[in-house]
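User: Please take a close look at one part of this model. Then set it beside the other packing in the chain.

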Amino acid sequence: MTTPSSQPSGVATPPSAIHHGAGNPAGTPVLAPTRSTQTKDGGSSLGTFGVKSGLAQMLKGGVIMDVINADQARIAEEAGACAVMALERVPADIRANGGVARMSDPKMIKEIVDAVTIPVMAKVRIGHFVEAQILQAIGIDYIDESEVLTPADEEHHINKHAFKIPFVCGARNLGEALRRISEGAAFIRTKGEAGTGNVVEAVRHQRAVMSEIRKASVMSEEELYAYAKDIQAPFHLLKETARLKRLPVVNFAAGGLATPADAALMMQLGCDGVFVGSGIFHSGDPAKRARAIVQAVTHYNNPKILSEISEDLGDAMVGLTIVNSDRKNNMSTYKPEDELKSFVSEDPNSKYTFDSERDASQSEICREEKKGLKCITLAMHSKQMFVAMQVRPFWLP
Amino acid sequence: MQHSELREDVTIGILALQGAFAEHQVMLKKLSVKKRIVILLVRTQEDLESCDALIIPGGESTTIALLARLAGLLGPLRDFVKTKPVWGTCAGAILLAQSVEGAKQGGQELLGGMSVTVARNGWGSQVESFEAPLEVEALRDSDRPFHGVFIRAPVIIALHPSPSDPPMQILSRISTSLLPRTQTLVPYDEDDTDPRDSRTIVALRQGHHLLTSFHPELTKDDRFHEYFVRECVLSSLVSQ
């Protein structure tokens, strides 16, 4: 898999990212003291890499759910989420509506913090260290430096060592994961393809990481030096990974998980837990589906329990699947109009009707066939769909 | 699940519903004690039935309690706690408490077993998570401090001693000078540490139960695991 140009090619943290003064001195992850009175011999220390990665260890075997307000956060907590991710729009809506996606309103995040007792995470744009400083000041528990939001810096990621608050970052392969860890990430997740309800990319990324770890684990030291160069990973982290035969931090699945079976699949592929974004609150019965996914992550190796909890969950997240997907398909190039075009071209002479909830980000379009209605749901606002159909051209009765 | 009739081994279960159970498993594997330890990850009632003792790991107490209820384990766990040794770390300590403050809205389910009230996330959020050295006299090599890792740790806000319950033994307190400066729960105590204040207790034993608000499983130091197996588990087998 090639690394796209938006990823930093170096392994060291660029000096330009170390200007902010928050937290620990850069590059000293372990026992980096921040409070002078507590840093004398035998003192205690806050925000060490130990407590950062330690919280990720406590989240293992759990499900972290995307929520956009305090009510959803409460539903997630009741359903057994081990943490919630506060964000303004779930990825499916970001994908559908477009525009620049940013850190959420701190007020909304605080409301979520007050509503639940489980850890609260929130997303910042890649490279946007000021958004991260703001979230650290609010006192949330984890930051996701996330590709789901619009990147703020195409060259550099945040220097995460400089913060007391821990970070999780996405990765598509081992090199990317180890680069993020070297920048201070205490927790890694697959990137997957957020907002699609399609698990294929998360599987691809997890399989890539696992197969590269297996390859590295049988290499000699000389080969590891060459391999580190090849995958653009810091040598010492690659060596530790090869020795451990796993990533040196906790590794979750994310991006496109929608069912209990998806969650169990990712666990069996070696993930320590899962993130579920749009898959829960874009489904028919969020509370029930959320609880089923929580159980699936615990009992991922027990097909009998999995079959019981997969029963009767209502509609899964629909319509945002990557149709005609090619591997380059991503958030910026996915166009629901194309999907609409191909649906209509199957039978251009039929009668089409469409429907959507008021102001919903998705609309359903149907045509009459001999066997009844055939419908698809697309990530388009009803007005958008109206315009697209007029262009076809179709006129509404 | 090789359950020896001759009791040459002892089965220690680790509640594996959610959280850091694998870390406890690694620690127990490395221990060398008189009996062979069989380690069992407990996810069902059948698993629990073959255990002589149980460790409830760190994780999210609300998640663990819900998963226990959904797996039909809540009742069996409460019965288990009444008769057999249990050690709770962090979230596990919350579950072992008799009552909890700062519970989620609508309250949360506990197992009970220890006569304490705990406050969840007592020192603050993750930004206030910290590491600090602890003095623990009951451990082997007690002049070497034990490295305490406190992650969104619970705080024991009250003890409820009763003549009908086994006595409580405080194994370790944290010095108030080592607490995060931002916490407001316990005032700085110059004489360190007020014996009447339960809030600085970080390791507590009651009967065959053990409670630690920190995470010995996140260190390389196996002395707490050794203490639990030797003092709580093996001694309970003798007394049975």
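Analyst: Helices here are DSSP runs of H or I with at least four residues, strands are E runs of at least two, and both are numbered from the N terminus. The model is predicted: local features need pLDDT of at least 70, side-chain atom pairs need 80 or more, and totals for chains, interfaces and linings use all residues. Residues are numbered from 1 along each chain as written, chains are lettered from A in written order, and side-chain values use heavy atoms, without hydrogens or water.

Start with α10(A), residues 260-268. Its buried residues (under 20% relative accessible area, 1.4 Å probe, protein chains only) are P260(A), D262(A), A263(A), A264(A), M266(A) and M267(A). They pack, with heavy atoms within 4.5 Å, against three helices and a strand of chain A: α7 (200-217), α12 (286-298), α13 (303-310) and β9 (274-276). G270(A) follows the helix, with a positive phi near 105°.

Now a helix pair. α6 (174-182) and α9 (235-244) of chain A pack at about 115°, axes 10 Å apart. Axes are fitted to C-alpha atoms over the stretch in contact; angles run from 0 to 180 degrees between N-to-C directions. From α6(A), L174(A), L178(A), I181(A) and S182(A) meet L237(A), L238(A) and T241(A) of α9(A). That contact counts five nonpolar residues, two polar and no charged.

Last, the domains. An automatic or database assignment splits chain A into domain 1 (49-319) and domain 2 (336-391). Their C-alpha centres are 33 Å apart. Six residues of domain 1 of chain A touch six of domain 2.

Notes: Ala, Val, Leu, Ile, Met, Phe, Trp, Tyr, Cys and Pro count as nonpolar, Asp, Glu, Lys and Arg as charged, and the others, Gly among them, as polar. Buried means under 20% relative accessible area, exposed over 50%, partly exposed in between (1.4 Å probe, protein chains only).
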